[in-house]
Amino acid sequence: MATTTENKQQLLDNYRMMVLIRHFEERAAQLYTQAHIGGYCHLNIGEEATVVGALSTLGPKDIVFTAYRDHGHALALGSDPGAVMAELCGKATGVSKGRGGSMHLFDLEHRLYGGYGIVGGHLPLAVGAALAIQYREEDGVVMCIFGEGATNIGAFHEAMNMAKVYHLPVLFFCANNQYAMGSMPEEDSAVPEMWMKACAYDMAAERIDGMDFFSVREATRRAVERMRETREPMFLEAFTYRFRGHSMADAGRYRSQDEVREWQRRDPIQLLGRRLEEDGILDTRTREDIEKAVDEEVERATRFALESPSPETDDLYQYVYTEEDE
Ligand SMILES: Cc1ncc(C[n+]2csc(CCOP(=O)(O)OP(=O)(O)O)c2C)c(N)n1
C-alpha cells in the first residue's frame, strides 16, 4: 500500500482536517438557520478531498485564490477556526474583520488571498499575482481554485491565455462538482469535460478523482513540482460532488435524492478513513478521539464567534484601500 511509506502523522492530520471542515460546516449550517450568519453561505461538504488533497501540497511561499465556497480552504491553510466562524457571523474578530462574510475570507498570514463572490472574477487576480512573483523573481506558485461553471466565463479564457503567454506559475484547479447552481456541464458548457478547455491554451491538464484524497494529492503534488521547475501554468480538474445545496436556500429540484445518495457512498472522509484503517494508521479509538477533539474545537470557534463584537460604524472607511506599510 502506498500509505505504508508515508508519514503517518501527516496522514492523520490530513484526515483530521477533513473531519474538521465537515463538522465546522455542519455547525455553520445550523448557525445560518438560527440567523447568526446572514447573506450567502456555500458549503464544501462532499468536496473535502479536493480542498485538503490540493492544499496539503503547497509550500510556505505559495499563495491561494478561491471562490465563495471557501471555508474549508481557509481552515486547511491554517486560519484560526474561531476567526473563520466569526467572519461568517460578520464579527469584528473575523479573518476579514467582519467585512467579508462567508464568501470573502481573506488571511494574508496563511496565504489565502480570498474568497471571491463573482464567478471567475478571481482568475485574472491569480494571474496578476503570478506575474508579480515572476517579476520579483520569487519562487512561489499560485493555486487558483474555481468551479466548473467558472470555465464558461470570459475571464477564465483571458486568464488561461495570459498565464500561458507570459509563462506564469498558476495551477488552475477546477473543482467540478457537476452543478453550477442548477446547471450541469451538458447544459451550459460546449465541452462536458473541463480539462479539455486547457488544450486550447496548450496547457498540460489532467482529470482526477476528486473524492479520493490520494488521487487529488498525488496529481496536485506532481503539478506543483513540475510548475516549480518549468514556471509554466497547469490545469487540474477534480471530479467531485457537493452533498448539500448550492447555497443555503436550494430546493435541489435539479437532481434526484438517489443520485445524491449514490455519491454519498463515496464520501471522501469515509474513503480516506477506510484506507487509513486498512493500512493500520487509523483505528476506531483514534477515529473517535479525532471526532471528539474536532467537535470541541468547533464549539470553541462557535462560542468565540457568538461572543465577539460586531464591527464599529466609526471605522467603516478603514481597510477600503490598503495602507502602504500594511
Ligand atoms: C459573474 C457571475 N455570474 C453569476 C453569478 C451567480 N452565481 C453564483 S454561484 C454560480 C454557479 C457557479 O458554479 P461553479 O463555478 O461550478 O461553482 P460551484 O458553486 O459549483 O462551486 C452562479 C451562476 C455570479 N456570482 N457571478
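## Working through helix α6 and the core

In helix α6 of this predicted model, the buried residues are F156, A159, M160 and A163.

**Exercise 1.** Work out how these buried residues are arranged around α6, and what they pack against.

*Solution.* Start with the directions from the axis: the four cover an arc of only 100°, which puts them on the same side of α6. Now flip to the other side, where G154 and V165 are exposed. Back on the buried side, the residues pack against α5 (123-135), β4 (170-176) and α8 (195-199).

**Exercise 2.** Check whether the span of α6 agrees with 1.5 Å a residue.

*Solution.* α6 runs over residues 154-165, so that's 12 residues. At 1.5 Å a residue, they should span 16 Å. The end C-alpha atoms sit 17 Å apart, which agrees. Just after the helix comes H167, with a positive phi near 55°.

**Exercise 3.** Find the residues with the most contacts inside the largest nonpolar core, then look at what F173 touches.

*Solution.* This core has 88 residues, and V142, C144, L171 and F173 have the most contacts inside it. Its largest share, 10 residues, comes from helix α1 (residues 8-33). Now pick F173: leaving out residues up to four places away in sequence, it touches A54, M143, C144, I145, L236 and A238.

**Exercise 4.** Decide how the protein's compactness stacks up against the globule rule.

*Solution.* First, the parts: 12 helices and 6 strands. For 326 residues the globule rule gives 20 Å, and the radius of gyration is 19 Å, close to that, so the protein is as compact as a globular protein of that length.

Methods
Residues numbered from 1 in each chain as written. Predicted model: local features only at pLDDT ≥ 70, side-chain atom pairs only at ≥ 80, totals over all residues. Helix = DSSP H or I, 4+ residues; strand = E, 2+ residues; numbered from the N terminus. Expected span 1.5 Å × (residues − 1). Buried ≥ 20, exposed ≤ 12 C-beta atoms within 10 Å, placed from the backbone. Arc of directions from axis to C-beta. Contact = placed C-beta atoms within 7 Å. Core = buried A, V, L, I, M, F, W, Y, C linked by C-beta atoms within 7 Å. Rg over C-alpha atoms; globule rule 2.2 N^0.38 Å.
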